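Subject: Structure for you to look at

Hello,

Here is the structure I promised to pass on, with my notes below it. I hope they save you some time when you open it.

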Amino acid sequence: MMNRLVDRLLVLVALTVVFIAMDMLMVFGDLQLLEAVMRIETQFYYLLLLLLLPFAFLIYGSRPVIDSLLALTAVIVMSALLVTAEESLDNAWEFGAPEWMTYLCLVLWLLVLEALRRSAGWVLFVIAALFSGLPLFTEMMPGPLSGLQSSWQETASYHLLSIESVFGLPFRAFANLVIGFIVFGVVLQKTGGGQFFLDLAFSLMGKQRGGPAKVAIFSSGLMGSMSGSVVTNVMTTGQLTIPAMKNSGMRAETAGAVEACASTGGVLLPPIMGSTAFVMASFLDIPYAQVAVAAFLPAVLYFFSLYIQIDSYAGREGLKGIDEDKIPQLISVLRSGWHYLGAFGLLIFLLLVLQQEAVAPYYASLALIVLSSLSGQDRMNKSKFIELSLSVGKLLVELIVILSGVGLIVGSLSLTGLSGTLVNDLLAIAQDDLFLLLMMGALTSFVLGIGMTVTAAYIFLAIVLAPALVGQGLNPLAAHLFILYWAMLSYITPPVALGAYSAASIAQASAIGTGISAMRMGSVLYIIPFIFVLDSAFLMAASPSAIALVVFEALVGICLIAGGLQGFLPIYKKLNSFFGRVLNLIAGLLIAVPELSLFDIRDVGNTELALIGLAFCFIGILWDRFTRKVEE
């Protein structure tokens, strides 16, 4: 049994190397070698699925005979699609395939669903299964879900032979952009990057009050951006940060909440932001660098809010920083880990300055491996290379199965015509009420984020909801980021809150208690999407002065919101009065919302409301001082 497992893993390592080599040939533009074997681009996508899909059964299986049969079937069916790809394209088989091919497509449809069940769980499997089969019975569905009905032959052919379903835009974004960044993220972790960023955070912020929690913000945010997975990041960096927070005097539920919120924010933090941001760039047909630049200020605002909340919590509870003799020296940390910063800087330069999204992660990965070897630390040897390849392979298998499963959902919406009618239904319900449409979109994104991965929820809503938001005059990029942010909230919001529950298991705390603490600690994440969707200046789409003003207002508002939630204002100290805390919370909301701009002299009404917010803050402080004197 053990030998069989080792054989499977070694084969996965070998195929991962071949897979990455193929992607590098595509990315670096020298396609002569590939074109000698594959004449059309679709064959490349078929080959990617051929290499990875079988391992979904081998890795996530527990019955060797059945797992091997399913893997072999996947290889045979995908090989048939690969060989007949040109004939399929020439004869438009997606709308009328030969009978034998429809049966192969049906088998592959079922294989993708089974692989999805094994790798992503039952919830996403059920959603994908129901929606992928929607064309078979859509005429029997009520109003909004009623569309054009198709036979199982037509549906199966469309799902596997068209470029609108399994091999649709999300899959193509994965093939063209995401693979390199997965490689870079794994290389960074396997060469010790996680420990370096953790040591760097301790040296910078360990002495401050609530230092370990502030360290978690910095380190988990950076590593979450690399991994793109909230739960994975919690289970890795959380093993170090959560015990440190508890040792500093922080309650177990709060320590878990801080780690969950920081890891959640990491997926929203440029320059990488996980795989979803690359899919977003493909949907909007814009350079990824534009997405990263637009997402920068909202992410900074979120992490600033976490920092202020932790500082207020530490001030209220009287927490101290870490003893100086236990904190690594900044100079020694930088001296031992300069190569990580160099590789990271190269990645940012290639992404944002040269805008070479496809090649950037490969150059950065190569630079990191070379610099690590020159530094004398974490040299790449045979065992580390195998471990790295194995980690990349597992991530690629999981992601390609999820994207294929979500592609089935998107394909059904396209085949039935529902992708357009659902948008019209949403607009009809909202009746030009932008706030109502935003609330509907927020709730829908949150609910789907519970049952799906972030990428899956985003792709579904990018088809259905984003056009409705854009139709109301919103910035397209702001609308797509709005969906992404609200889909992320399910990781820190009960009853599911996977990020918070994962952190609770490390902190040995109540899962629900940690989830509730995460909601309060990450509360600004519920507000930020409304801030940037209502004012595109927050996405760098305005003059420098307009950007500076909206950022200043947001920061002031965030400080007051954090003070109201945690009962501590740095400018005043502890707020004992509940009424005073509520007034400061309201004041922060009035000032932070773009529609209530403090400095917008063109709209006297908004200015007056923002000034009322400042008045609320002042009254709250006076009330707190009055009640304190009465108690004394």
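**Helix α25 and its surroundings**

In α25, the buried residues (under 20% relative accessible area, where over 50% is exposed and anything in between partly exposed, with a 1.4 Å probe and protein chains only) are G499, A500, S502, A503, A504, I506 and A507. That makes seven of the ten residues in this helix, which spans 498-507, so it is mostly covered. Among the elements that cover these buried residues are α13 (230-247), α14 (252-266) and α26 (511-521). Helices here are DSSP runs of H or I with at least four residues, strands are runs of E with at least two, and both are numbered from the N terminus. Just after α25, Q508 has a positive phi of about 55°.

Before that helix, Y491 sits in the loop that joins α24 (476-488) to α25. Y491 counts as buried because its relative accessible area is 13%. Its C-alpha atom is 7.6 Å from that of V230, although the two residues are 261 apart along the chain.

**Before you use the numbers**

This is a predicted model, in which local features need pLDDT of at least 70 and side-chain atom pairs count only at pLDDT 80 or more, while totals for chains, interfaces and linings use all residues. Residues are numbered from 1 along each chain as its sequence is written, and side-chain values use heavy atoms, with hydrogens and water left out.

**The chain as a whole**

The chain has 30 helices and two strands. Of its 632 residues, 56% count as buried. Contact means heavy atoms within 4.5 Å; among contacts between residues at least 6 apart in sequence, 75% join residues at least 24 apart. The accessible surface (Shrake-Rupley method, 1.4 Å probe, with only the protein chains shown counting as cover for residues) comes to about 25,300 Å², and 65% of that belongs to carbon and sulfur atoms.

**Cores, rings and a surface patch**

A nonpolar core is a set of buried Ala, Val, Leu, Ile, Met, Phe, Trp, Tyr and Cys residues joined through side-chain atoms within 4.5 Å. The largest one holds 185 residues, of which F174 and F532 touch the most other members. A second, separate core has eight residues, including L198, F202, M205 and I327.

Aromatic pairs join rings of Phe, Tyr and Trp (its six-membered ring) whose centres lie within 6.5 Å; planes under 30 degrees apart are stacked, over 60 edge-to-face, and the rest tilted. The whole structure has 13 of them. One of these, Y45 with F171, is edge-to-face, at 6.1 Å centre to centre with 80° between the planes. It links distant parts of the chain, since Y45 is in α3 (41-59) and F171 in α10 (169-190), 126 residues apart. Y45 and F171 are both buried, and ring pairs link them with Y46 and F167 into a cluster.

F171 also turns up around S404, in helix α19 (382-416). Leaving aside neighbours within four places in sequence, S404 is in contact with L49, V112, V166 and F171. Its relative accessible area of 1% is why S404 counts as buried.

On the surface, V293, F296, V300 and M540 form a nonpolar patch with about 300 Å² of accessible area together. Patches take residues with over 30% relative accessible area and no salt bridge, joining like charges within 9 Å and nonpolar side chains (Val, Leu, Ile, Met, Phe, Trp, Tyr) within 5 Å. F296, in helix α16 (288-317), is partly exposed at 40%.

**Salt bridges**

How many salt bridges are there? The count comes to four, taking a side-chain nitrogen of Lys or Arg within 4 Å of a carboxyl oxygen of Asp or Glu. E114 forms one with R117, the closest N and O atoms being 2.7 Å apart, and another with R118, at 2.8 Å. R117 is partly exposed, with a relative accessible area of 24%, whereas R118 is buried at 18%.

D311 and K214 also meet in a salt bridge (2.9 Å, N to O). This pair links α16 with α12 (211-227), 97 residues apart. D311 counts as buried at 11% relative accessibility, and K214 does at 1%.

Happy exploring!
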